[in-house]
Number of protein chains: 2
Amino acid sequence: MFSIDYHSRQPIYEQLYDNVIHLVSLGVLTPDEQLPPVRQLAMELGINPNTVSKAYKNLENDGMIYSVVGKGSFISGKSDITEWKKQEITTKITQAVQEAVKLGIEQQQIVELVDTVYKGGNQS
Amino acid sequence: MFSIDYHSRQPIYEQLYDNVIHLVSLGVLTPDEQLPPVRQLAMELGINPNTVSKAYKNLENDGMIYSVVGKGSFISGKSDITEWKKQEITTKITQAVQEAVKLGIEQQQIVELVDTVYKGGNQS
DNA sequence: TTAATTGTATTAATTGAGCTAGTACAATTA
DNA sequence: TAATTGTACTAGCTCAATTAATACAATTAA
């Protein structure tokens, strides 16, 4: 369910954070759905519970999830933060592409670049 | 001349690398122009000469500059400013798209976004 | 020729973020 | 009551980045 790159420069707890947002934006995780328990997810991923806890803690601070001791961690009902972030990144891409146009870069080159990224290129 | 964020997750030597490319793309640094000596730049930025050296070494490996013992390091003259700008914007787009992937934005949406920009939409 | 400047190389030590390890506590659930 | 859950805390480990100290070779300027 969660995919982690253990050799990435990006910390595991941040990758976990991004994973949750990603899954929510895809509709895989829905509001009030329970996330895997800290210990269980840590065991599945072969990492320390503290690392998972840190990810959950950050997600809760940002309003993406809510946690209750003894019950678990759940997806927040108001996940509009995802939409806000999508808007932000859309703007960033638009601006970057506009610069590319000014430099005379062909549209096809950009499309190929995007394709490369989606195929898993330029990682870590 | 160079701006470094000492608290960034990105290593100083990489920031220095990006700085040189940026300055060339702006036309501030021109081909065959000499870069600050390793020791001098290190002192100005309050960092270790080895860190500057590492940045210069990487820049030379990528053909961005050329270094001569006893003389100094100089901007490569092989490619004109436009090529440097393309290099910079390509990196920027790649990073932005990578963020989009994390958020679960579909590839088609990005392609459509690019298409819109190239058709003249989203003008500033 | 001599001294200063330059890039380069090497080895060792230091620093800090990230992660692990172990334990404990409180609230909830079965 | 016992198991599960999130949370908190301290200590230690790992690794990349950076620092530190030196040395060497080529160039430049005196």
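The following paragraphs describe how the protein chains of this predicted model meet DNA strands C and D.

Consider DNA strand C to begin with. It is surrounded by 25 residues, of which A:I12, A:N48, A:N50, B:V38 and B:R39 come nearest. Of the strand C atoms that come within 4 Å of the protein, 58% belong to sugar and phosphate. Individual polar contacts show where chain A and chain B meet this strand. A polar backbone atom of A:I12 is 2.5 Å from a phosphate oxygen, and a polar backbone atom of B:S73 is 3.5 Å from a phosphate oxygen. A base is also reached: the side chain of A:R39 has an N or O atom 3.5 Å from a base nitrogen of strand C. The elements giving two or more residues to this surface are α1 (12-26) and α3 (49-61) from chain A, and α2 (38-45), α3 (49-61), β1 (65-68) and β2 (72-75) from chain B. The surface near strand C comprises 9 nonpolar, 10 polar and 6 charged residues.

Attention now turns to DNA strand D. Here, too, 25 residues lie around the strand, and A:V38, A:R39, B:I12, B:N48 and B:N50 come nearest. Sugar and phosphate make up 59% of the strand D atoms within 4 Å of the protein. Phosphate oxygens of strand D lie 2.8 Å from a backbone N or O atom of B:N48 and 3.0 Å from a side-chain N or O atom of B:T51. A polar backbone atom of A:G70 is 3.1 Å from a base oxygen. Two or more residues each come from α2 (38-45), α3, β1 (65-68) and β2 (72-75) of chain A, and from α1 (12-26) and α3 of chain B. By class, the residues near strand D are 9 nonpolar, 10 polar and 6 charged.

Definitions and conventions
Residues are numbered from 1 along each chain as its sequence is written. Chains are lettered from A and ligands numbered from 1 in the order in which they are written. This is a predicted model: local features need pLDDT of at least 70, side-chain atom pairs count only at pLDDT 80 or more; totals for chains, interfaces and linings use all residues. Side-chain values use heavy atoms; hydrogens and water are left out. A residue is near a molecule or strand if one of its heavy atoms lies within 4 Å of it. A polar contact is a pair of N or O atoms within 3.5 Å; within protein, one must be able to donate a hydrogen and the other to accept it, and residues adjacent in sequence count only if both atoms are side-chain atoms. Helices (H or I, at least four residues) and strands (E, at least two) are DSSP runs, numbered from the N terminus. Ala, Val, Leu, Ile, Met, Phe, Trp, Tyr, Cys and Pro count as nonpolar, Asp, Glu, Lys and Arg as charged, and the others, Gly among them, as polar.
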